[in-house]
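Q: I'm new to this structure and would like a close look at one part of it. Could you walk me through the charged pairs, one step at a time?

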Amino acid sequence: MTLSFGYWLLVYAAIAIIALIVLIARYRLNPFIVITLVSIGLALLAGMPPSGVVGAYEAGVGKTLGHIALVVALGTMLGKMMAESGGAEQVARTLIDRFGEKNAHWAMVCIAFLVGLPLFFEVGFVLLVPIAFTVARRVGVSILMVGLPMVAGLSVVHALVPPHPAAMLAVQVYQASVGQTLMYAILIGIPTAIIAGPLYAKFIVPRIQLPAENPLERQFLEREPRDSLPGFGITMATILLPVLLMLIGGWANLISTPGSGFNQFLLFIGNSVIALLLATLLSFWTLGLAQGFNRESILKFTNECLAPTASITLLVGAGGGLNRILVDAGVTDQIVSLAHEFHLSPLLMGWLFAALMRIATGSATVAMTTASGIVAPVAIGLGYPHPELLVLATGAGSVIFSHVNDGGFWLIKEYFNMSVTQTFKTWTVLETIISLVAFALTVGLSYLI
C-alpha cells in the first residue's frame, strides 16, 4: 500500500510539473498564480492536511525570499551604481579591448568563472548583468550572445568549483581533498563552460528573436553619457569586494580558530548578505560620491532600480513554496527510495540522485547537499577511492534541466526578456549541456586516474 501510494506521489508530481509548463507556456497565465495554484493542488492530492497546506507554502516562500530578496535588492543596487557611474561601461571597454569585439562572449565567460567562485548563482548574476547589457550594446549583438556565456560560467562554478558554498559542503560530506577537487574541477569546468557558453550561444542565439524593448536593459543603459568614467581598477575592486569577503568567510575555519571571536567576525563579513551590503555601501563612495553624484542622486538610483525586480522576487519566492510542498508531501523521499532500488556505482548514484532532486525541487544547492548526504555513506562503505570525483559528479547532476520551479529560470527569463519557451530553448538546454558534459568528463577522468 505504501509503495503504491509512493508511486502515485511521483505521478502527481509529474502531473504538477507538466501542468505548470503547459499553463504558463501554452496558455500564458500569470506564473506566480499558476505556481501557487499547482502547489496547493499537489499538496491536497498528496494527502497533506488542508489546514497545513497554505502554511507549508508560505514557509517555503518566506524561507526563499528571506535570502533571495535581500540578495537581489542589494545586487541590483550595486549593479545600478555600476551602470550610472559608467563603471560597467569601463569594464566593458577594457574587456573588449583585451579580447577584441568578436570575442566579447569569451570575455564574459572568463569574468563569470572568476567572479562566480564564492557566490551563489543569483548573487553573481545580479552583479554581472549590467556588464552584460553594456557589452552587448557596445558590440551590437543580442544580450543572449554575451549573457548565455556569462550564466554558463556562473553555473559551472556553482556546480563544480570550490570554494563555492555548495561544492565546499559536498567536499566535506564526501571527505574529499579541497585542493584535488579544485584542480579536477578546473580541468573539467573550463571545457564545460566553453561548450555550454560561447559555443552553444553561437548556435542558439540566431534562432531566438527577442522583443525590441527590454525594460531592465533600459534601466542599465538609458542614461546621460558621462564625461569621465571610474577607473577599471576601482570598479573591479568594488565588484570583487563581496567575492573576496565570501572567500574569507568560506575559509574562516582554516584562517582562524573555530569558535573564536575573530572566526565569528570572518564568518559574519563572509555572509553573502553582509558582503553585498558592504560592497553596495562602498559603491556609494567609489561609484557615487567620488564620481560627482550627490546623496539625492544616489537615493534616486537605489529607489528606482528596485521596481523592476518585484516580479522576479515574487516568482523566486513562489518557486520556494513549491519546493517546500514537494518536500513536505514526501515526493523527494519517494524519489530517493525509488533510486535506492537500483544498484548503481557511486559516481552514477551521485549524478542521478542530484539530477532527480534538482528536477523535483528546482534548487541546485538542495540537490547537491541532499544527494551527497545520501551517497557519501554508500561510497565510504564501498571504499570508493576518488571522493573528489564524487563531488564533481554530484555537482554535475545538480544543475540539469532547470525549469519553472527554479528561481534561476525566472531570473534569466525576466532579465533577458524572453518567453517561457525561449527560456527552455536557451537556459534549460544550457544547464542540461553543463550537466551531461561535466558528468561525461568526470567519468572519463575516473578511468584516467
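A: Let's begin with glutamate 304, which counts as partly exposed because its relative accessibility is 33%, above the 20% below which a residue is called buried. Please keep in mind that this is a predicted model.

Glutamate 304 has a charged partner: lysine 80 forms a salt bridge with glutamate 304, and their closest N and O atoms are 3.3 Å apart. Lysine 80 belongs to helix 3 and glutamate 304 to helix 15 (residues 295–304), so this pair ties together parts that are 224 residues apart in sequence. In contrast to the partly exposed glutamate 304, lysine 80 is buried, because its relative accessible area is 2%, under the cut-off of 20%.

Now stay with lysine 80 and look along its own helix. Lysine 80 also forms a salt bridge with glutamate 84, with 3.0 Å between the closest N and O atoms. These two residues both sit in helix 3 (residues 50–85), where they are 4 residues apart, about one turn of the helix. Glutamate 84 is buried, as is lysine 80.

Another pair to find is aspartate 406 with arginine 358, whose side chains meet in a salt bridge at 3.3 Å, N to O. Aspartate 406 lies in the loop between helix 20 (387–397) and helix 21 (407–415), while arginine 358 lies in helix 18 (residues 346–361), so this pair ties together parts that are 48 residues apart in sequence. Both aspartate 406 and arginine 358 are buried. Back at lysine 80, salt bridges that share partners join Lys80, Glu84, Lys300 and Glu304 into one network. Counting by the same rule gives 7 salt bridges. As a general point, side chains of opposite charge can pair when their charged atoms come close.

To finish, here is a residue with another kind of link. Glutamine 422 is found in helix 22 (residues 420–448), and its side chain reaches the backbone nitrogen of serine 419 at 3.0 Å. Glutamine 422 is buried, because its relative accessible area of 14% is under 20%. Which residues is glutamine 422 in contact with, leaving aside its neighbours within four places in sequence? They are Ile208, Gln209 and Leu210.

Definitions and conventions:
Residues are numbered from 1 along each chain as its sequence is written. This is a predicted model: local features need pLDDT of at least 70, side-chain atom pairs count only at pLDDT 80 or more; totals for chains, interfaces and linings use all residues. Side-chain values use heavy atoms; hydrogens and water are left out. Buried means under 20% relative accessible area, exposed over 50%, partly exposed in between (1.4 Å probe, protein chains only). A polar contact is a pair of N or O atoms within 3.5 Å; within protein, one must be able to donate a hydrogen and the other to accept it, and residues adjacent in sequence count only if both atoms are side-chain atoms. Contact means heavy atoms within 4.5 Å. A salt bridge is a side-chain nitrogen of Lys or Arg within 4 Å of a carboxyl oxygen of Asp or Glu.
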